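Me: I would like to go through some of the labels attached to this structure and ask what each of them rests on. Could you take me through the reasoning?

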Amino acid sequence: MSKTRAVKFGGSELLESRLPAWRSRLVLLGLFAGFAGLIARAAYLQIISNDFLQEQGAKRMERTLPLPAVRGTLMDRNNVVLAQSVPALTIWYDGRRIYDAPEDKLRQLADILGLKSDRLIKQVRGDAKRHFVYLDRQVDQDRVAKVKALKIPGLGFINESKRYYPQGEAMAHLVGFTSIEDKGQEGVELAFDQTLTGENGERSVLRDRLGNVIEDTRELRPPVNGQDITLSVDADVQYIVLSELRRAVETHKAKAAAAVVLDAKTGELLAMANIPTYDPNNRGDLHGAKLRNRVFTDMFEPGSTLKPFAVALSLNQGKIKPGTRIDTGNGKLTIGPATINDTKPHGVISVSEVIQMSSNVGTTKIALELERKDMWDFFHMVGFGQAPSNAFPGAASGRVRPWAKWRPIEQATMSYGHGISVSLIQLAQAYTIFANQGRFVPVSLVKHPHGEVPQGLQVIKPDVAASMLNMLELAAGPDGTAPKAQVQGYRVAGKTGTAHKQEGGRYVNKYVSSFVGLAPVSNPRVVIAVMVDEPSTGVYYGGLVAAPVFSNVTKSVLTRLNVQPDAVTPGEDLKRYVQGPAGKSL
């Protein structure tokens, strides 16, 4: 049998050579060692270093973002929404990606957002290296949809909210507005900012290298939404007041006007309006004098609207009675180098007629019988010289000079509202003593729960308050200084005020016309104060300018509140009260 022979491969000695067995084993061992190393490395990464690596990955991709709290809603006393937060979006762009966007697309973008197209294009081209640039804030959903339809690369969107004011300019000065960051800037929005704001939460998200959120991983802390607040204001009453103020400004070509309506029993603010006003929904309109809340911040000399307080204090101390006769002479009274004048001579009149006819001389004679400190204390007890306790932003404290520095002429002029400064809200608040049997009730911006009535501070005796209410009814009657304040079907009481304005420390021929009144007299439900600044048609007396506004507002408000008419035909009782019993003379 022949031996098997090896096959030769082309006669090449290289191909015919054999490898040593140890070398093949070494290669195999190397392969096994490599696989073992890979397995060990995988085990190290997956088991031993897993926590560390996940932490490092999270640092690169995981971010903590805020979960915004929803700002509380503001409502009127009947749950009409005055301010609420609505969904909106912030639009931003990545300058590296939007740099090459077509110019026509950018111009369309500018048109949608109300921006200048040339400026936008220049801005985008100059931000080529910036990763994040705000384009527009608080954009509504409709415009965002149009922006997304352009499909411009590099645009991003962030969910947020913006404040919306359904009542617009009608509630502007009371409600105020917030900043772009949703922080209170004016009005109630600022006064109750902490309560309305709430507390933001937190969430954990994963982002890609371009900063886009790709996954919500978990909620770290839930947000605590702001509290809703029910204000004391009545939206319908507010609209009535604003409409009448606007009409008065147009009729008398006045610089400005303001009015406030209080619930006479509770001190709740039912309305507060100013002309000029503004729309808080239009951020481009939030500047200038129109932002001034004249009800709370503007100080003025109240004029004759202050006369009832000197008379009330004197009645309360028993120095006079309603029928006490006051000799006003020929309508002039000289104190030192100064002379106090009435509009016309009244002769000898009763205390009631001093208020009815608005006699400066009569009021002065009554006031000079009072101690200066008693008069100063009384002014402070009814809220003059100090900011209202409701913490409304920017509320003025007014000016009442220290009593120790009063000269007789200063005590005299302050009794009829000159040389003293007050705000309209202070004046309305002070008149609550005549509506509440002598109790002073502070103003409240928030609706009292369950119809609670605050006790108030007893300032004058109930019978004194009743006497003053009757005197004020005479002042607003046919023979008083404000017959135009009368309201068909209702008995009203009130006092006019007409005061020169000061400029550069001197009185000028510019006037503030005012009226403060209560209605109905039988059971006062509202206190209404009106101020018209610089009427310029030649008519400036409070009884001709401000009293008609009071009348129109009162009629509409009492009807709105379903208050029953109480008017009666004046008879002998009223005449007897005007004349009064015989008494001492001053």
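Reply: What follows takes helix packing and then the nonpolar core, bearing in mind that the model is predicted.

Me: Why is helix 13 called oblique to helix 16?

Reply: Helix 13 (residues 307-316) and helix 16 (residues 372-381) pack at an angle of about 120 degrees, with their axes 11 Å apart. Angles from 65 to 115 degrees count as roughly perpendicular and those over 145 as roughly antiparallel, with the rest as oblique, so helix 13 is oblique to helix 16.

Me: What makes up the contact of helix 13 with helix 16, by class of residue?

Reply: Phe 309, Ala 312 and Leu 313 of helix 13 meet Asp 374, Met 375, Phe 378 and Phe 379 of helix 16. These divide into six nonpolar residues, no polar ones and one charged; because Asp counts as charged, the charged residue is Asp 374.

Me: How does helix 13 pack with helix 20, and which residues make the contact?

Reply: Helix 13 and helix 20 (residues 462-475) pack at about 145 degrees, with axes 10 Å apart, and the crossing is right-handed. The contact includes Ala 312 and Asn 316 of helix 13 and Ser 467 and Met 471 of helix 20, and by class it has eight nonpolar, two polar and no charged residues.

Me: Which residues touch the most other members of the largest nonpolar core?

Reply: Among its 83 residues, these are Leu 269, Phe 309, Phe 384 and Phe 434, while helix 20 supplies the largest share of this core, seven residues. Leaving aside neighbours within four places in sequence, Phe 384 is in contact with residues including Phe 309, Phe 379 and Leu 427.

Conventions. Residues numbered from 1 in each chain as written. Predicted model: local features only at pLDDT ≥ 70, side-chain atom pairs only at ≥ 80, totals over all residues. Heavy atoms only, no water. Axes fitted to C-alpha atoms, helices over the stretch in contact; angles between N-to-C directions. Helix = DSSP H or I, 4+ residues; strand = E, 2+ residues; numbered from the N terminus. Parallel < 35°, antiparallel > 145°, perpendicular 65-115°, else oblique. Contact = heavy atoms within 4.5 Å. Left-handed = near helix turned anticlockwise from the far one by under 90°. Core = buried A, V, L, I, M, F, W, Y, C linked by side-chain atoms within 4.5 Å. Buried < 20%, exposed > 50% of the residue type's maximum accessible area, 1.4 Å probe, protein only.
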